[in-house]
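Visitor: I'm new to this one. Could you show me the structure and walk me through it?

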Amino acid sequence: MESDRLDIVQQLLDDVVAAGANEIEAVDFDVTTKGEMRAEARRQAVAAARRKAELYAEAAGVRLGAAIHIDDVDPENVGHERYRGHGSGGQASALHLAPGHVVVSAAVVLGFSITHD
């Protein structure tokens with residue numbers, strides 16, 4: 001079941017239980033702009049990977065060349081619970097269900113050529 005009305009989530013769950021549901025496995029909060037947020041997270045992941053590679057290249061006395069390998073790491077399939085959030089990280093109270101934040105992450109593996117000065 002989905003709803004975009006956060007203000008009625010508690011009542012919705014109460015109604016589901018009143019209608020006979022005896023188990024609710026999870027309540028997940030998400031965002032409708034996840035695609036755009038993921039694209040920005042990917043840009044930031046590539047920039048961070050490049051900065052780290054430049055640091056290693058400098059320490060090794062070589063110069064970073066062009067990217068020769070890019071591998072997207074899909075956070076939706078790796079450590080699923082790490083990338084979704086609800087509440088404050090603890091168990092939700094039976095009396096109070098409040099959304100917290102949704103973390104949208106990206107990770108990338110980059111391979112670079114190196115050149116010697």
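Here is a short set of questions and answers on this structure.

Guide: This is a predicted model, where local features need pLDDT of at least 70, side-chain atom pairs count only at pLDDT 80 or more, and totals for chains, interfaces and linings use all residues. Residues are numbered from 1 along each chain as its sequence is written, and side-chain values use heavy atoms, with hydrogens and water left out.

Visitor: What pattern does the chain follow along the sequence?

Guide: Helices (H or I, at least four residues) and strands (E, at least two) are DSSP runs, numbered from the N terminus. The chain holds 2 helices and 2 strands. Reading along the sequence, you get α-α-β-β.

Visitor: Which element gives the most residues to the largest nonpolar core?

Guide: A nonpolar core is a set of buried Ala, Val, Leu, Ile, Met, Phe, Trp, Tyr and Cys residues joined through side-chain atoms within 4.5 Å; buried means under 20% relative accessible area, exposed over 50%, partly exposed in between (1.4 Å probe, protein chains only). The largest one here has 9 residues: Ala-45, Ala-49, Ala-53, Ala-57, Val-62, Leu-64, Val-108, Leu-110 and Phe-112. Two elements give two or more residues to this core, helix H2 (34-60) and strand E2 (107-115). The top giver, with 4 residues, is H2.

Visitor: Which residues does Asp-72 touch, leaving out those up to four places away in sequence?

Guide: Asp-72 sits in strand E1, residues 63-73. Counting a contact as heavy atoms within 4.5 Å, and skipping residues up to four places away in sequence, Asp-72 touches Arg-42 and Ala-107.

Visitor: How many residues apart in sequence are the parts that Arg-42 and Asp-72 tie together?

Guide: The side chains of Arg-42 and Asp-72 meet in a salt bridge at 3.3 Å, N to O, that is, a side-chain nitrogen of Lys or Arg within 4 Å of a carboxyl oxygen of Asp or Glu. Arg-42 belongs to helix H2 and Asp-72 to strand E1, so the pair ties together parts whose separation in sequence is 30 residues.

Visitor: Is Arg-43 exposed or buried?

Guide: Arg-43 has a salt bridge too, with Glu-40 (3.3 Å, N to O). Both lie in helix H2, 3 residues apart, about one turn of the helix. Glu-40 is partly exposed, with a relative accessible area of 36%. Arg-43 has 53% relative accessibility, so Arg-43 counts as exposed.
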